[in-house]
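User: I'm new to this one and would like to learn how to read it. Could you walk me through a few features?

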Amino acid sequence: MGITKIASEEQYKQLIGAATVSVVLFSAEWAEQCKQISDVMQELGKQPELAAIQFLDVPAEDLSEVSMHHQIDSVPTVLFFRAGTAIDRIDGVDVGALSSKVRKYAGASAAAVGSSNSTSSGNLEERLKQLINRSKVMIFMKGDRNTPRCGFSKQLIAIINDTGVEYDTFDILTDEAVRQGLKTFSNWPTYPQVYVNGELIGGLDIIKELLEGGELKETLNP
């Protein structure tokens, strides 16, 4: 599930009136920070356990009456609704708060980092396995394929793109449980991490070594 771009006040009212939780980004095209929040929401929307959440993007200036009603005086601002009633709010860029609140309202807080509950640990491990196998080639990184958020991730994506191999990415900045849990699960302490058919290949250094040895494309597409 992606983000639904709201085109009218009528559409907005209809969608936030749903019984499910709506996460609504008030944005403006000129604000680069809005793109960052939108990217995070896109990544969250891909996660199966968050399928009940709907993500909406409201152009704050175009729908000025809606913005005024909710006292939106800066972008990005994210509001959370249930059955048409605002239940929470994030002003500005706070990726950690966005991710944790979405999970809270999706009922997925059992996988929170630091939980000592064995069921929680089992749920996280199962979720990591699902994510690792979401695509034949899966990359866990800071940011995503379109907007890498660290130099190592940017280098890695450039190399992988040159191979022409199909792949998917997961932004570890959107989920602290995955970010910390995957280090232990795979016994690999750094990011980015590349998986092929559910098996860890390694990070940027390993990918560079495979590239220099002429083995990269064969490794990614066995």
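User: Does Ser135 count as buried or exposed, and what is the relative accessibility?

Analyst: Keep in mind that this is a predicted model. The general idea is that buried means under 20% relative accessible area. Ser135 has 18% relative accessibility, so Ser135 counts as buried. You'll find Ser135 in the loop between helix 5 and strand 6.

User: What does the side chain of Ser135 reach?

Analyst: That would be the backbone oxygen of Val137, at 3.1 Å. If you leave aside neighbours within four places in sequence, Ser135 is also in contact with Tyr167 and Asp168.

User: Now for Asp57: which side chain does its side chain make a polar contact with?

Analyst: Ser27, at 2.6 Å between the two side chains. Asp57 sits in strand 3, residues 54-59, and at 8% relative accessibility Asp57 counts as buried. Beyond its neighbours within four places in sequence, Asp57 touches several residues, including Ile3, Ile6 and Leu25.

User: Let's try helices. At what angle do helix 6 and helix 8 pack?

Analyst: About 30°, with their axes 10 Å apart. That makes helix 6 roughly parallel to helix 8, because angles under 35 degrees count that way. Helix 6 passes helix 8 in a left-handed crossing.

User: Which residues meet there?

Analyst: From helix 6, look for Phe152, Gln155, Leu156, Ile159 and Ile160; they meet Leu204, Ile207, Lys208 and Leu211 of helix 8. Sorted by character, the contact has seven nonpolar residues, one polar and one charged.

Key
Residues are numbered from 1 along each chain as its sequence is written. This is a predicted model: local features need pLDDT of at least 70, side-chain atom pairs count only at pLDDT 80 or more; totals for chains, interfaces and linings use all residues. Side-chain values use heavy atoms; hydrogens and water are left out. Axes are lines fitted to C-alpha atoms, for helices over the stretch in contact, and angles run from 0 to 180 degrees between N-to-C directions. Helices (H or I, at least four residues) and strands (E, at least two) are DSSP runs, numbered from the N terminus. Angles under 35 degrees count as roughly parallel, over 145 as roughly antiparallel, 65 to 115 as roughly perpendicular and the rest as oblique. A crossing is left-handed if the near helix is turned anticlockwise from the far one by less than a right angle, and right-handed if clockwise. Contact means heavy atoms within 4.5 Å. Ala, Val, Leu, Ile, Met, Phe, Trp, Tyr, Cys and Pro count as nonpolar, Asp, Glu, Lys and Arg as charged, and the others, Gly among them, as polar. Buried means under 20% relative accessible area, exposed over 50%, partly exposed in between (1.4 Å probe, protein chains only). A polar contact is a pair of N or O atoms within 3.5 Å; within protein, one must be able to donate a hydrogen and the other to accept it, and residues adjacent in sequence count only if both atoms are side-chain atoms.
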